[in-house]
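I opened this notebook to record what I looked up in the structure, in the order in which I looked it up. The entries are kept short.

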Amino acid sequence: MQNEKQVHKRKLWIGEARALLPLLFIWGAEWMFSALMDIAIYWRDLDWLKQAALLTAVIASLVQLWSLRKDFRAGGEGLQDQSGWGHPALLLLPGVMLIAAIALLEAIGAIGPLFAPVLRAFILAIGFVQFGLLLGRPLIYLGLWLFALSAVMGVWYLGYSAVILEGMGGISLVVCGYMLRVWGRQS
């Protein structure tokens, strides 16, 4: 009975959160593009292009969230009544807070430039595991894989961590978005 109830909540949440899936694709593409620019930076100074990609991702995310304003006003009543989560967009708040915290730590120099990609990848991996506990094992496996990769990169290949972890983090975001989209169609 309890498992059936969890399956119903999972399907309901994925169905309601479908509008947020483009954010995974937006940020996955931004991470992958940033990793490519980290490789290309050896030949040309393309740091401005990385900043432009980040700004584009932020603007695209804001546009996507703006398009959901009707849903925010409605409060996601169907989901709120049955799952207790409230509107699915509220699940973005901890992630936004973590991103802001990392940006602040980088800005004040508390995190070295070599460790920032490792920290971001660890946080993304932990997020995958957390959502995997709610939505399904494949996300847990994705999070554990990214966590192990981050640990290996942090210990043995720290100099390459920005390229590898941003690239693999971006790919994992796109894969997560694709999995949730497929799961949403099945429900």
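Leaving aside its neighbours within four places in sequence, which residues is phenylalanine 128 in contact with? I noted that the model is a predicted one, and then listed the partners of phenylalanine 128: Leu139, Ile140, Leu142, Gly143, Leu146, Ser172, Leu173 and Cys176.

Entry on the cores. I looked up the largest nonpolar core and found that it has 24 residues. Phe128 is among the residues with the most contacts inside this core, together with Leu135, Leu139, Cys176 and Leu180. I then checked which helices contribute: helix 1 (2-17), helix 2 (21-40), helix 7 (116-135), helix 8 (137-156) and helix 9 (161-186) each supply at least two residues of the core. Apart from it I found another core, of 5 residues, which includes Leu20, Leu23, Ile26 and Leu68.

Entry on helix 7 and helix 8. I found that the two axes come within 7 Å and cross at roughly 160°. Angles over 145 degrees count as roughly antiparallel, and helix 7 and helix 8 are therefore roughly antiparallel to each other. I recorded the crossing of this pair as left-handed. On the helix 7 side the contact residues include Ala121, Ala125, Phe128, Val129 and Gly132. On the helix 8 side they include Leu139, Ile140, Gly143, Phe147, Ser150 and Gly154.

Entry on helix 7 and helix 9. I asked at what angle helix 7 and helix 9 pack. The angle is about 20°, with the axes 9 Å apart. That makes helix 7 roughly parallel to helix 9. I noted that this crossing is left-handed. Among the helix 7 residues that meet helix 9 are Pro117, Arg120, Leu124, Phe128 and Leu135. Their counterparts in helix 9 include Ser161, Glu166, Gly169, Cys176, Leu180 and Trp183. Phe128 appears in the list of residues meeting helix 8 and in the list of residues meeting helix 9.

Entry on methionine 32. I located this residue in helix 2. Is methionine 32 buried or partly exposed? I found methionine 32 to be partly exposed, with a relative accessible area of 27%. Beyond its neighbours within four places in sequence, methionine 32 is in contact with Glu166, Gly167, Gly170, Ile171 and Val174. I also looked up its C-alpha separation from leucine 173, which is 9.7 Å although the two are 141 residues apart along the chain.

Entry on glycine 15. I found glycine 15 in helix 1 and recorded it as partly exposed, with a relative accessible area of 29%. Glycine 15 and tryptophan 183 are 168 residues apart in sequence, and I read their C-alpha separation as 8.7 Å.

Entry on glutamine 64. I placed this residue in helix 3 (residues 47-67). Glutamine 64 has a relative accessible area of 17% and is buried. Leaving aside its neighbours within four places in sequence, I found glutamine 64 in contact with Ala19, Pro22 and Leu23. Leu23 is also one of the residues of the core of 5 residues.

Entry on the record. I consulted the unreviewed UniProt entry, which lists "transmembrane region" for residues 20-42, 48-68, 89-108, 114-134, 139-158 and 164-183. I then examined two of these spans in the model. Residues 20-42 are 87% helix and 0% strand, with the end C-alpha atoms 35 Å apart. Residues 139-158 are 90% helix and 0% strand, and their end C-alpha atoms lie 25 Å apart.

Definitions and conventions: Residues numbered from 1 in each chain as written. Predicted model: local features only at pLDDT ≥ 70, side-chain atom pairs only at ≥ 80, totals over all residues. Heavy atoms only, no water. Core = buried A, V, L, I, M, F, W, Y, C linked by side-chain atoms within 4.5 Å. Buried < 20%, exposed > 50% of the residue type's maximum accessible area, 1.4 Å probe, protein only. Helix = DSSP H or I, 4+ residues; strand = E, 2+ residues; numbered from the N terminus. Contact = heavy atoms within 4.5 Å. UniProt positions renumbered as here; feature names shortened; annotations may be inferred. Axes fitted to C-alpha atoms, helices over the stretch in contact; angles between N-to-C directions. Parallel < 35°, antiparallel > 145°, perpendicular 65-115°, else oblique. Left-handed = near helix turned anticlockwise from the far one by under 90°.
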